[in-house]
Amino acid sequence: MVSSHPIRVVFGLGNPGAEHARQRHNAGFWFLDALAESAGASLRPEAKLHGEAAKASIGGQSVWLLKPAT
């Protein structure tokens with residue numbers, strides 16, 4: 001079944017902090033970094049979203065990319 005609702009946000013989950021950067025539990029962060037790079041987007045700190053965020057166009061759809069820091 002194909003949904004008629006487009007994806008609006010992609011969350012990449014991981015553990016914030018340099019001490020966790022190379023741990024496998026950060027695969028979600030790595031995926032989001034690669035997705036942002038391929039879409040030409042730059043993740044930037046967003047205090048009100050409690051993490052890093054970027055708006056990107058993927059497959060012709062506008063989506064938010066979010067790496068939560070909480």
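Student: Leaving out residues up to four places away in sequence, which residues does Ser-42 touch?

Tutor: In this predicted model, Ser-42 belongs to the loop between α1 and β2. The C-alpha atoms of Ser-42 and Ala-53 are 8.0 Å apart in space, although eleven residues separate them in sequence. Once residues up to four places away are set aside, the residues that Ser-42 touches are Ala-53 and Ala-54.

Student: Is Ser-42 buried, partly exposed or exposed?

Tutor: A residue counts as buried under 20% relative accessible area and as exposed over 50%, with partly exposed in between. Ser-42 has a relative accessible area of 44%, and therefore the class for Ser-42 is partly exposed.

Student: What pattern does the chain follow when it is read along the sequence?

Tutor: The elements to place are one helix and four strands. The loop between β1 and α1 holds Asn-15, while the loop between α1 and β2 holds Ser-42, and a further loop, between β2 and β3, holds His-50. Read along the sequence, the pattern is β-α-β-β-β.

Student: In what order do the four strands stand in the open sheet?

Tutor: β1 is joined to strand β4, residues 61-68, by three bridges, and these two strands run parallel. Eight bridges join β3 to β4 in the antiparallel sense, and β2 pairs with β3, also antiparallel, over three bridges. The pairing in the open sheet is thus described as mixed, and the order of the strands is β1-β4-β3-β2.

Student: Why is one side of β1 and one side of β2 left without a neighbour in the sheet?

Tutor: β1, at residues 9-11, and β2, at residues 44-46, stand at the edges of the sheet. One side of each has no neighbour in the sheet because each has a single partner strand.

Student: How many degrees does the twist average from one strand to the next?

Tutor: The twist is taken from each strand to the next in the open sheet, whose order is β1-β4-β3-β2. From one strand to the next, the twist averages 35 degrees.

Student: Which residue in β4 stands opposite Val-9?

Tutor: The pairing to look at is that of β1 with β4, which run parallel and are joined by three bridges. Opposite Val-9, in β4, stands Trp-64.

Student: Which residue in the turn of the β2 and β3 hairpin has a positive phi?

Tutor: β2 and β3 form a hairpin with four residues between them, and in this antiparallel pairing Arg-44 stands opposite Ala-53 in β3. Phi is near 55 degrees, a positive value in a residue other than glycine, at His-50.

Student: In the hairpin of β3 and β4, which residue takes a positive phi?

Tutor: This hairpin has two residues between the strands, and Ser-57 stands opposite Ser-62 in β4. The residue that takes a positive phi, near 60 degrees, is Gly-59.

Student: At about what angle to β4 does helix α1 run?

Tutor: Helix α1 covers residues 27-39 and lies across β1, β3 and β4. With respect to β4, the helix runs at about 145 degrees.

Student: Is Asn-26 buried or exposed?

Tutor: Asn-26 lies in the loop between β1 and α1, where it touches Leu-13, Gly-14, Asn-15, His-20 and Ala-21, not counting residues up to four places away in sequence. The cut-off for a buried residue is under 20% relative accessible area. The relative accessibility of Asn-26 is 2%, so Asn-26 is buried.

Student: How far apart are the C-alpha atoms of Asn-15 and Thr-70?

Tutor: Asn-15 is found in the loop between β1 and α1, and at 30% relative accessibility it counts as partly exposed. Leaving aside neighbours within four places in sequence, its contacts include His-20 and Phe-29. Asn-15 and Thr-70 are 55 residues apart along the chain, and the separation of their C-alpha atoms is 8.4 Å.

Student: What is the relative accessible area of Lys-48?

Tutor: Lys-48 lies in the loop between β2 and β3, and its C-alpha atom is 24 Å in space from that of His-25. Lys-48 is exposed, and its relative accessible area is 73%.

Methods:
Residues are numbered from 1 along each chain as its sequence is written. This is a predicted model: local features need pLDDT of at least 70, side-chain atom pairs count only at pLDDT 80 or more; totals for chains, interfaces and linings use all residues. Side-chain values use heavy atoms; hydrogens and water are left out. Two strands pair if DSSP finds at least two bridges between them. Axes are lines fitted to C-alpha atoms, for helices over the stretch in contact, and angles run from 0 to 180 degrees between N-to-C directions. Contact means heavy atoms within 4.5 Å. Buried means under 20% relative accessible area, exposed over 50%, partly exposed in between (1.4 Å probe, protein chains only).
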